[in-house]
Amino acid sequence: MIASSRTTAGARSANGNSPGTRGACRLVAGAPGSGAARDTAPASIAQPERTGTIGHAATPRPDTAWDGEQPWLGHGPPIPGANMRDVLAVLDRVSDLCGPEGNPRALPIVDFPSADAALTTAAQRVTEALWEDRQDAPLTCGSPGMIDLLLELKATQGRLREARLAQRVAAVVGVHDALGRLHEINSVSQLIDRVPEEACRLGFDRAMISRVHGSMWVPEAVYVEGDPGWAQEILRVGRDEPQLLNHMILETEMVRRRGPLLVPDAQTDPRVHPTLAATTQARSYVAAPIMPERRVIGFLHADCYMRRRHVDEFCRDVLWMFAQGVGYAFQRTVLSERLHALRAEVGRLTFDITKTTDELVDAEVEVTPIDRENVAMVRSVDTTFAADHAPAGSALTRREIDVLRLMATGETNAGIASRLIISEGTVKSHVKHILRKLGAANRAEAVCRYLRMQAANAQNGRR
């Protein structure tokens, strides 16, 4: 799942049980992909030395034979270069001291399990040689050189396991850092686009996020290192043929179990989406549900196809850890967007109130008598405009009602300004607000609505 040199220790088979060699050490180790290698502890996927992405020159496409031209290099991450050199050097010493038969360098050491298995078997070989009690053995029992070699094998194996542990710790730190970067995003659409890329920073080189829509799961974003065109092609195929969540597919099992899964052979498993399997050419992949509050809302899929490495159980666990954090990130982002939308809606609803308050605060101070009859009429009209007959949000201020009442008598702007002892400019401003609040196209329509409301109010009063 992480960037690596594709160096192997060789592809030749070896058999350390050569019957014609007496006193020789015997080394038997399983090739990667064999039961001996796969049954060891899963490899980590952290990559502290990783830089950049794979370029187009190394990018496989569905219409090429790239899959058949190069071998797949084991499970999980590659071994760091320094540790690989240590392993090969000490295995060469075993071959030099114990004879050329079963040369450890002939074994395909391509991942942590295969390297650990080779070192373990080499140590057994040296131990057996130390206890050989034959006169014609290449070395005598208890040879200091053999003892030093055995100690060096154990030390190399210890360093290898420490490197593996360090990669796993770095993987956990990588998940923390990736979720921290997602925390800075405040848009759900941006979060969807960003999640696959952040997943690839954890050691994968292809990732897809999809959503659960009713009984279907639909891809939403795909990221492929070094090949955005292939990513778009995979996304298009997935959207054109969304998968029904039934008992026949693996994603339904994730919904049922609420947990991640590892698919070791995507091309032959009948429960894998057939069209996506053909388009992606996936060999093995891991998947995890996105499930805030224990409800599955989507999935994350990831693999390491571009680096030609199979994923393993630890890869599955890292993606699961990341998916759990992504679920909380989606929950936070959705709530944030909803709060912003609610604030905008409240602002829209209170716009007229705020504007009216500003008009009252900024209105000119006037000295004018208002008799009781005018006050009563103003209150009556104000009540009418605030009733259900008025359009929503069209309530007029007291001053606007005064202006509208005088408009109904045929007064001009200048006459209204004289009667209310305000400037003509202020009258024009009030008229503009009246037309907007009543939804009237002109003064005549506004007066017509005013008179109609007055008549309705008078009729209700008689009742």
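The points below go through this predicted model, from the whole chain to single residues.

1. Overall make-up. The protein has 463 residues, of which 46% count as buried, and its secondary structure comes to 16 helices and six strands. About 23500 Å² of the protein is exposed, with carbon and sulfur atoms supplying 54% of that area. Among contacts with a separation of 6 or more, 73% are made by residues 24 or more positions apart, a figure worth keeping in mind when reading the chain from end to end.

2. The sheet. The six strands form an open sheet, and reading across it gives the order 3-2-1-6-5-4, with antiparallel pairing. Strand 3 and strand 4 are the edge strands, each of them pairing on one side only. A student tracing the sheet should note that this order is not the order of the strand numbers, since strand 1 stands between strand 2 and strand 6.

3. Strands 1 and 2. Strand 1, residues 206-213, runs antiparallel to strand 2, and eight bridges join them. These two strands make a hairpin with two residues between them, and in this hairpin G214 takes a positive phi near 65°. Close to the turn in sequence, H213 has M216 of strand 2 as its bridge partner.

4. The other neighbours of these strands. Strand 1 also pairs with strand 6, residues 298-303, in the antiparallel sense and over six bridges, and here R206 stands opposite D303 in strand 6. Strand 2, for its part, pairs with strand 3, residues 243-244, over two bridges, again in the antiparallel sense; in that pairing Q243 of strand 3 is the bridge partner of W217. Strand 2 spans residues 216-224 and is mostly covered, with seven of its nine residues buried.

5. A buried loop residue. Is V272, which is placed in the loop between strand 4 (261-263) and helix 9 (274-280), buried or exposed? V272 is buried, because its relative accessible area is 9%, and the limit for that term is under 20%. Leaving aside neighbours within four places in sequence, V272 is in contact with L250, V263, A266, A277 and Y285. The C-alpha atom of V272 is separated by 9.9 Å from that of Q243, although the two residues are 29 residues apart along the chain.

6. Cysteines. How many disulfides does the structure hold? It holds zero disulfides, and C200 offers one example of the reasoning. A disulfide is a covalent bond between the sulfur atoms of two cysteines. The closest cysteine sulfur to that of C200 belongs to C304 and lies 8.9 Å away, which is too far for a bond, given that a disulfide calls for sulfur atoms within 2.5 Å. As for their surroundings, C200 is buried, with a relative accessible area of 1%, whereas C448 is partly exposed, with a relative accessible area of 39%.

7. A nonpolar patch. On the surface, L165, V169 and V173 form a nonpolar patch, and together they have about 270 Å² of accessible area. V173 lies in helix 5, which covers residues 144-183. The term "partly exposed" applies to V173 because its relative accessibility is 43%, and this term covers values between the buried limit of under 20% and the exposed limit of over 50%.

Technical notes: Residues are numbered from 1 along each chain as its sequence is written. This is a predicted model: local features need pLDDT of at least 70, side-chain atom pairs count only at pLDDT 80 or more; totals for chains, interfaces and linings use all residues. Side-chain values use heavy atoms; hydrogens and water are left out. Patches are made of residues with over 30% relative accessible area and no salt bridge: like charges are joined within 9 Å, nonpolar side chains (Val, Leu, Ile, Met, Phe, Trp, Tyr) within 5 Å. Accessible areas come from the Shrake-Rupley method with a 1.4 Å probe; for residues, only the protein chains shown count as cover. A salt bridge is a side-chain nitrogen of Lys or Arg within 4 Å of a carboxyl oxygen of Asp or Glu. Helices (H or I, at least four residues) and strands (E, at least two) are DSSP runs, numbered from the N terminus. Buried means under 20% relative accessible area, exposed over 50%, partly exposed in between (1.4 Å probe, protein chains only). Two strands pair if DSSP finds at least two bridges between them. Contact means heavy atoms within 4.5 Å.
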